[in-house]
Amino acid sequence: MKKVLFLGIFVSLVLTGVYTVITLYDSNLKAGRMYQTPAIRPHEEPQLVMDKRTIADTKSEALIRELLKTDFIMKPMGSALLLAKGEKEYRVFCFHCHGPNLDGLGTVGQSFFPLPTNLTTKKTAGMSDKELFAFISYGGKKAPALASSMSVESREAVIQYIRFKQKTTL
């Protein structure tokens, strides 16, 4: 009986020691195993800060609906800074479904049936800026509504980027 009790205490002390060494190794050394895990590395970069005006509430929703009722006028196109912002926002919100060529063949979009809208077709190019803004804001068949995720300026910049890419492909 004493041998079994001694063996049990010895095994528990060894396991406690091993656990303590592994825990200290993982939490204190940069060479620890957790730092090598690919799932941990992306979180080392700072996360994007969302614009405070993008939080959905009844006031912002009413503002967007009122904006769509009135004459919606886009800012003049051509600013390189606006196009860069539009490309950045497109890559964050639209790229996964519509793809790098705006053809609806993004990595996520390829799994949908029907495929996401090809943004370079004449039908899409024929849509007014107001219609595109409404479509981005409130979504479509399978497209998500992005009014609560994107600021008005971001949606306008994405429309400018889409128009720029349509001119270069059509």
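How many salt bridges does a search of the whole structure find? In this predicted model, the search finds two.

One salt bridge joins the side chains of Glu-87 and Arg-91, with an N to O distance of 3.8 Å. Both residues belong to helix H4, where they are four residues apart, or about one turn of the helix. Arg-91 is partly exposed, at a relative accessible area of 41%. Glu-87 is likewise partly exposed, with a relative accessibility of 31%.

The other salt bridge is formed by the side chains of Asp-129 and Arg-163, at 2.9 Å from N to O. This pair links distant parts of the chain, since Asp-129 lies in helix H7 (residues 129-138) and Arg-163 in helix H8, 34 residues apart. Asp-129 is partly exposed, its relative accessible area being 25%. Arg-163 has a relative accessibility of 12% and therefore counts as buried, the limit being under 20%.

One aromatic pair is present in the structure. The ring centres of Tyr-90 and Tyr-161 are 5.4 Å apart and the ring planes stand at 45°, so the pair is classed as tilted. Tyr-90 is located in helix H4 (residues 80-93) and Tyr-161 in helix H8 (residues 152-169); the pair therefore ties together parts that are 71 residues apart in sequence. Tyr-90 is buried, with a relative accessible area of 1%, and Tyr-161 also counts as buried, at 7% relative accessibility.

Helix H4 thus holds Tyr-90 of the aromatic pair as well as both Arg-91 and Glu-87. Helix H8 contributes Tyr-161 to the aromatic pair and Arg-163 to the salt bridge with Asp-129 of helix H7.

Key. Residues are numbered from 1 along each chain as its sequence is written. This is a predicted model: local features need pLDDT of at least 70, side-chain atom pairs count only at pLDDT 80 or more; totals for chains, interfaces and linings use all residues. Side-chain values use heavy atoms; hydrogens and water are left out. Rings of Phe, Tyr and Trp (its six-membered ring) pair if their centres lie within 6.5 Å; planes under 30 degrees apart count as stacked, over 60 as edge-to-face and the rest as tilted. Helices (H or I, at least four residues) and strands (E, at least two) are DSSP runs, numbered from the N terminus. Buried means under 20% relative accessible area, exposed over 50%, partly exposed in between (1.4 Å probe, protein chains only). A salt bridge is a side-chain nitrogen of Lys or Arg within 4 Å of a carboxyl oxygen of Asp or Glu.
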